[in-house]
Amino acid sequence: MAKSDVSYLVFDIETIADGELISRVKYPLDDLSPADATARFRAEQLEKNGTDILPPTYMLPISVVVGKVGPDFRLIDLVALDEPQFRPWVITKGFWNGWRHYQRPTFVTFNGRGYDMPIMELAAYRYGLAVPDWFDPTGPSYQQRRNRYNSESHFDLLDFFTNFGAMRLSGGLNLMANLIGKPGKTNIDGSQVQDLYDSGKVREVNDYCRCDVLDTYFVFLRSRVILGLLSLEQEQLIVEETKQWLTTRAGECSAYEHYLTHWGDWQAPPEA
C-alpha cells in the first residue's frame, strides 16, 4: 500500500482507568489499591452524574482501531493497534507514527474532538512523544491542525451534524448508524469496557471498537453524499463492496461476523 493511497484515518478508541494515577491524585492519603481507587471514583461519578464514566485525564487507551480509507472513500484496511497485546504505550506510539507514515491524512471520528483526540494527545504527553506536526504551534491559529474548524485535519462527524454544537444530537453514533441501516450498539456499549477489561476480555473490547469504527465509516460515507462528494448511487456501491470485504474476512474476525449478523440495508424512500 502506497502512503498516498490513504487519505482518511477513521478511528475510535476504548479506554480503561489508570487506577494507580487515580489513587495517587484523587486519594493520596487513603492508601487505596488501583482497583479500589477506580471503584471508588466510578461510584462517586455515578452518584454525581448518573454515569460512572471517568474523565479522560484519568484514562489509558486500551483499544485503538483505525480504518484506512482511500481518496475515493473506499475502505482499504481495518486494524487494531498492537494486537494482540494491546499495550497503551505501544498503541499510542503506533497511532502517531502511523499518521505520519501515511503523510498525515485526515482523521475521521465521531466526537473525537471531545474524547478520542484528547486521550491520544494526553497519552503522547504521558509517554514523552514529540508530535510537533500535530500541535503545529508556528502557523496561524486557523490553519493549525488542532483548530476545531480545520476539517481537513480532523473531520469530527458529531461537530458536522450538530453544526459545531448548535444542537444536541440525541442518540449519538448509535442513532446515526441505525438511520442508514447499520448495527449501531448491539450487545456492548462504552460503559461496559472497564468491567470487560477487568475480567480479561480485552479482545471483546477490541471487537466492539472495530464495530464502532465500521459504524463511523458508514456514517462518514453518508456525510459525503450530503456534501455532494459522492452520489447516492456511488455510496451504495461502496457500501456493498465493503459488505463483501467484511464477508470475505468474517471467518478470521468475530467482530466482522457479528457486524454482518446485525447488518441492515438502507431503504430508499418511495418515489414521489
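Two rings of Phe, Tyr or Trp count as a pair if their centres lie within 6.5 Å. Keep that cut-off handy for the exercises below, which all use a predicted model.

**Exercise 1. Aromatic rings**

Find which residues form one aromatic cluster, then work out how the rings of Trp89 and Tyr127 are arranged.

*Solution.*
- Start with the cluster: Tyr8, Phe73, Phe155, Phe160, Phe161 and Phe220 belong to it. For the whole structure, the tally is 24 aromatic pairs.
- Now take Trp89 and Tyr127. Their ring centres are 5.6 Å apart, and their planes meet at 65 degrees. Planes over 60 degrees apart count as edge-to-face, so that's the label for this pair.
- Check where the two sit. Trp89 belongs to helix H3 (residues 88–101) and Tyr127 to helix H4 (residues 112–127), so the pair links parts of the chain 38 residues apart.
- Finish with accessibility. Trp89 comes out at 36%, which makes it partly exposed, and Tyr127 is partly exposed too, at 24%.
- Try the recipe again on Phe218 and Trp263: with centres 5.4 Å apart and planes at 85 degrees, this pair is edge-to-face as well. Phe218 is in helix H9 and Trp263 in the segment after H11, 45 residues apart. Both Phe218 and Trp263 are buried.

**Exercise 2. Charges over rings**

Find which charged residues sit over Trp99 and Trp263.

*Solution.*
- Over the face of Trp99 you'll find Arg104, 5.9 Å from the ring centre. The cut-off for this contact is within 6 Å.
- Over the ring of Trp263 it's Lys182, whose charged end is 4.6 Å from the centre. Trp263 is the ring that also pairs with Phe218.

**Exercise 3. Backbone oddities**

Look for a cis peptide bond and for positive phi values outside glycine.

*Solution.*
- A quick reminder: most residues other than glycine have a negative phi, and most peptide bonds are trans.
- The bond from Glu83 to Pro84 is cis, with omega near 10 degrees. Pro84 is in the loop between strand E3 (75–80) and H3.
- Arg104 isn't a glycine, yet its phi is positive, about 60 degrees. It's in the loop between H3 and strand E4 (106–109), and at 35% relative accessibility it counts as partly exposed.
- Asn163 also has a positive phi, near 55 degrees. You'll find Asn163 in the loop between helix H6 (157–161) and helix H7 (172–179), and it's exposed, with 56% relative accessible area.

**Exercise 4. Cysteines**

Decide how many disulfides there are, and check Cys209 and Cys211.

*Solution.*
- The search of the whole structure gives zero disulfides.
- For Cys209, the nearest cysteine sulfur is that of Cys211, 9.4 Å away. A disulfide needs the sulfurs within 2.5 Å.
- For Cys211, the nearest cysteine sulfur belongs to Cys253, at 7.8 Å, and Cys211 is in no disulfide either.
- Both are buried: Cys209 has a relative accessible area of 0%, and Cys211 has 11%.

**Exercise 5. A pocket**

Describe the second largest pocket by volume, lining and helices.

*Solution.*
- Its volume is about 210 Å³.
- The lining has 16 residues, and those nearest the centre are Asn187, Asp207, Tyr208, Cys211 and His258.
- Sort the lining by class and you get six nonpolar, five polar and five charged residues.
- Helix H9 (202–226) and helix H11 (254–261) each supply at least two lining residues. The largest share, six residues, comes from H9.

Definitions and conventions. Residues numbered from 1 in each chain as written. Predicted model: local features only at pLDDT ≥ 70, side-chain atom pairs only at ≥ 80, totals over all residues. Heavy atoms only, no water. 1 Å grid on protein atoms, 1.4 Å probe; cavity = no way out; pocket = protein on both sides within 12 Å on 5 of 7 lines; lining within 4 Å. Points joined across faces, edges and corners; volume = space filled by probe spheres on them. Helix = DSSP H or I, 4+ residues; strand = E, 2+ residues; numbered from the N terminus. Nonpolar A, V, L, I, M, F, W, Y, C, P; charged D, E, K, R; others polar. Buried < 20%, exposed > 50% of the residue type's maximum accessible area, 1.4 Å probe, protein only. Phe/Tyr/Trp six-rings, centres within 6.5 Å; stacked < 30°, edge-to-face > 60°. Lys NZ or Arg CZ within 6 Å of the ring centre and 35° of its normal.
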